[in-house]
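Trainee: I have not looked at this one before. Can you walk me through it?
Mentor: Sure, have it open while we talk.
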Amino acid sequence: MIYMEEEPTNTTALHDWHVSHGAKMAPFAGYDMPINYTTGAIEEHLITRRSVGLFDIDHMGQFEITGPGADEFVARMVTAKVSDLVPPMARYSLLLDEKGGIIDDLFVYRLPASWWIVVNASNRATDLAWFKAHAPTNVEVIDRSDDTYMIAVQGPRAIELLDKVSNSPVSTIQRFCWGNIVIDGIPVLFGRTGYTGEDGGELFFPAEKALQLWEFLLRQGELLGIETRPIGLAARDSLRFEAGMPLHGHEISIGINPIEAGFKWACDFEKEFVGKEALLAIIEKGVSRKLVGIEVFGGVPREGYEVVSPEGSVIGRCVAGMFCPTIKKYAANAFVEPSFAKAGTKVSVIIRGQPREAIVVKRPLYVPAYRR
Amino acid sequence: MAIDKNARYLESHEYAKPSGEYMVFGISDHAQAELGDVVFVELPSVGKTVTKGAIFGTIESVKAASDLYAPVSGTVVEVNEAVKNDPSLVNKDCYGTGWLVKVAPSNPSEFQSLLDPAAYGKTIGEE
């Protein structure tokens with residue numbers, strides 16, 4: 001994970017809680033965020049895979065899109081099919097520029113009278129400007145980020161925990177759907193999604209209730225005997241990496257198109273959307289590189305490391321890499337020449353000047369039990 | 001942070017600790033805490049020579065790779081295979097089971113030139 005070098009200008013409402021609980025803090029997307037707690041990044045990863053992890057993700061942005069032209073506008077702006085979305089459905093999508101570059105990835109929620117868009121922290125300002133610049137006069141784009149808090153509750157026992165503490169069961173809410181629930185008197189919009197590969201959800205609620213809900217969930221976990229721990233951004237990164245989810249700025253970015261990154265499935269070519277013409281041209285022409293997973297033997301691959309062929313010529317570059325705590329392997333995501341993209345292809349990754357044995361592997365590296 | 005009284009240190013947080021006629025190398029408790037979870041170590045094989053102040057290996061944590069500097073010169077006589085298989089031993093017991101290599105020193109006086117526990121404690125803001 002790349003921790004931004006500039007000084008953070010923002011903190012979340014839980015900042016003091018993180019610091020007083022021994023979190024190692026670092027700037028990320030302009031926020032001073034917990035990287036790991038005293039538990040340690042690897043154990044935090046494993047706790048999320050075996051029980052419940054709580055994530056302060058208030059740095060993420062939320063927009064509400066309303067107005068008579070909102071349905072048509074959203075459909076044109078995002079790549080995914082949205083015309084079939086009815087409450088309480090939500091869907092993963094991409095936001096492209098006209099050249100097919102990925103401005104951001106986002107979650108689109110169909111609310112009863114509006115659209116709820118969840119965007120990455122680092123792209124919040126860019127995305128907002130992009131939506132507003134394209135919005136016709138009968139559409140309103142409202143930034144709800146400051147008033148909305150966001151906590152992710154993830155892990156194989158997350159639904160069990162939430163079922164027991166909410167006024168109505170979340171287990172009846174289907175994957176990629178949302179529901180209105182109340183926890184400890186706090187109205188919460190619960191979306192059954194996440195960024196770890198595990199079951200669970202993301203909670204949206206009034207920002208001033210952040211500490212109350214955070215501490216309530218931790219306390220209830222303890223009372224109910226459901227191991228529930230706060231999880232930092234380092235484990236969030238390794239969890240999403242194992243599960244094959246992209247991080248903007250790495251597997252996807254403005255300089256990367258969805259075809260080479262393997263996100264054609266997130267684009268609905270039956271409709272018109274910004275960037276569609278460019279993508280059709282890219283498909284017609286063929287891609288010059290493809291995103292692959294690479295397992296590396298004898299070293300930790302990291303962003304920027306070169307991938308070379310058995311003959312020693314550079315065929316690509318890593319965009320992310322790390323030790324994967326669940327599968328206990330060293331792995332990278334890399335863009336490589338298409339002829340090297342097949343699983344089982346032998347390559348090398350250059351680590352501190354030395355080529356290390358590596359092999360192209362199928363993504364995702366990890367599939368949780370509930371989806372097998 | 002624990003400082004092993006029997007070891008001496010480099011400012012870069014590696015230690016050397018006498019073990020009979022040999023020196024055991026490792027990294028300090030302060031260093032392992034700063035690094036966070038250690039996920040990989042690369043160490044020289046038995047028979048390799050190491051030079052005081054020169055890189056003898058690499059240690060990688062979740063967030064970054066760091067060079068390891070030899071506190072004294074000598075020849076590697078033993079490598080901790082356990083820590084290669086389970087690098088988290090460095091976090092769990094840096095002065096014990098999380099040691100890195102054992103070296104036959106070529107110039108025993110080099111040990112005296114290292115930071116003693118009190119001096120090392122000062123460099124990391126303790127005592």
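Trainee: Which domains does the assignment give for chain A?
Mentor: This is a predicted model. In chain A, the assignment gives domain 1 as 15-60 + 146-242, domain 2 as 61-143 and domain 3 as 288-364.

Trainee: How many residues do domain 1 and domain 2 of chain A put into their contact?
Mentor: Domain 1 of chain A supplies 12 residues and domain 2 of chain A supplies 13 residues. On the domain 1 side, 7 are nonpolar, 5 are polar and none is charged.

Trainee: And how many Å apart are the C-alpha centres of those two domains?
Mentor: The centres of domain 1 and domain 2 of chain A are 24 Å apart.

Trainee: Switching to helix 7 of chain A, how many of its residues are buried?
Mentor: Helix 7 covers residues 233-242, and 10 of its 10 residues are buried. Among them are A:Leu233, A:Arg236, A:Asp237, A:Phe241 and A:Glu242.

Trainee: What do the buried residues of helix 7 pack against?
Mentor: In chain A, they pack against strand 1 (24-28), strand 2 (31-36), helix 2 (41-50), strand 3 (52-56) and strand 16 (314-324).

Trainee: What about just after helix 7 of chain A, which residue takes a positive phi?
Mentor: That is A:Gly244, with a phi of about 80 degrees.

Trainee: Last topic, the two chains. How many residues of chain A are in contact with chain B?
Mentor: 10 residues of chain A are in contact with 9 residues of chain B. The chain A side divides into 5 nonpolar, 3 polar and 2 charged residues.

Key: Residues are numbered from 1 along each chain as its sequence is written. Chains are lettered from A and ligands numbered from 1 in the order in which they are written. This is a predicted model: local features need pLDDT of at least 70, side-chain atom pairs count only at pLDDT 80 or more; totals for chains, interfaces and linings use all residues. Two residues are in contact if their C-beta atoms, placed from the backbone, lie within 7 Å. Ala, Val, Leu, Ile, Met, Phe, Trp, Tyr, Cys and Pro count as nonpolar, Asp, Glu, Lys and Arg as charged, and the others, Gly among them, as polar. Domain bounds come from an automatic or database domain assignment. A residue is buried if 20 or more other C-beta atoms lie within 10 Å of its own, exposed if 12 or fewer, and partly exposed in between; C-beta atoms are placed from the backbone. Helices (H or I, at least four residues) and strands (E, at least two) are DSSP runs, numbered from the N terminus.
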